[in-house]
Amino acid sequence: TTTPRIGDILQKLAPFLKMYGEYVKNFDNAMELVKTWTERSPQFKFIVQDIQKEKVCGNLTLQHHMLEPVQRIPRYEMLLKDYLRKLPQDSLDWKDAEKSLEIISTAASHSNSAIRKMENLKKLLEIYEMLGEEEDIVNPSNELIKEGQILKLAARNTSAQERYLFL
């Protein structure tokens, strides 16, 4: 007897999904910390294993649960696309669902952008360490465009010297 709608509800909640970008940015560090402390501290390892045995955890590891928020936005986006494909265009929920998809797609893009920025900074840090930490290149405004072997031709003669270039 009622008209089910989800587009209007998601539209109100979708702007909050942008905060997942911050979670995604720190995800690799968090996973590494869990791994490090699991290896270093038998007490930490025991507590985590004990908690993972709880029925509420559904036989999933801490790492699986940590991955859930990373996957949430792409899932919402996929579900909304599927919902819109199956929803008649004259439905009362069509415009709201379409607007929700637009907002969630923006949040997904924001999340993916955060991942790329963190990967870029990580790569710049690796290069900085390779260069002997002499030239500080690790800066959020710097971006690694390309890297690889090149041949440098000498100006005076035609001899070529191998170089490795970071652009």
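Helices here are DSSP runs of H or I covering at least four residues, numbered from the N terminus. With that in hand, here's a quick tour of this predicted model. H2 and H5 each put at least two residues into the lining of the second largest pocket, and a few buried polar or charged side chains are worth a look too.

**How far to trust it**
- The protein chain has an average pLDDT of 83, with 93% of the residues scoring at least 70.
- Confidence peaks in H3, at 94, and is lowest in helix H5 (residues 94-130), where the mean is 81.
- Where pLDDT is low, don't read the predicted coordinates in detail.

**The second largest pocket**
- This pocket holds about 170 Å³ of space.
- H2 gives the largest share of its lining, five residues.
- Lining residues include Val-24, Lys-25, Phe-27, Asp-28 and Asn-29.
- Also on the list are Val-70, Ile-115, Met-118, Glu-119 and Lys-122.
- Sorted by class, the lining comes out as five nonpolar, four charged and one polar residue.

**Asp-93, between H4 and H5**
- Asp-93 sits in the loop that runs between helix H4 (62-86) and H5.
- Its relative accessible area is 0%, so Asp-93 counts as buried, the cut-off being under 20%.
- Gly-7 is 86 residues away along the chain, yet the C-alpha atoms of Asp-93 and Gly-7 are just 5.8 Å apart.
- Leaving out residues up to four places away in sequence, Asp-93 touches Arg-5, Ile-6, Gly-7, Asp-8, Tyr-83 and Leu-87.
- One of those neighbours, Ile-6, has its backbone nitrogen reached by the Asp-93 side chain at 3.0 Å.

**Ser-41, between H2 and H3**
- Ser-41 is in the loop between helix H2 (20-40) and helix H3 (42-52).
- With 16% relative accessibility, Ser-41 is classed as buried.
- The Ser-41 side chain reaches the backbone nitrogen of Phe-44, at 3.0 Å.

**Glu-77, on H4**
- Glu-77 belongs to helix H4.
- Glu-77 is buried because its relative accessible area is 17%, and the limit is under 20%.
- Its side chain makes a polar contact of 2.9 Å with the side chain of Ser-105.
- Setting aside residues up to four places away in sequence, Glu-77 touches Leu-101, Ile-104, Ser-105 and Ala-108.

How values were computed
Residues numbered from 1 in each chain as written. Predicted model: local features only at pLDDT ≥ 70, side-chain atom pairs only at ≥ 80, totals over all residues. Heavy atoms only, no water. Buried < 20%, exposed > 50% of the residue type's maximum accessible area, 1.4 Å probe, protein only. Polar contact = N/O pair within 3.5 Å; in protein donor to acceptor, adjacent residues only side chain to side chain. pLDDT = per-residue confidence, 0-100. 1 Å grid on protein atoms, 1.4 Å probe; cavity = no way out; pocket = protein on both sides within 12 Å on 5 of 7 lines; lining within 4 Å. Points joined across faces, edges and corners; volume = space filled by probe spheres on them. Nonpolar A, V, L, I, M, F, W, Y, C, P; charged D, E, K, R; others polar. Contact = heavy atoms within 4.5 Å.
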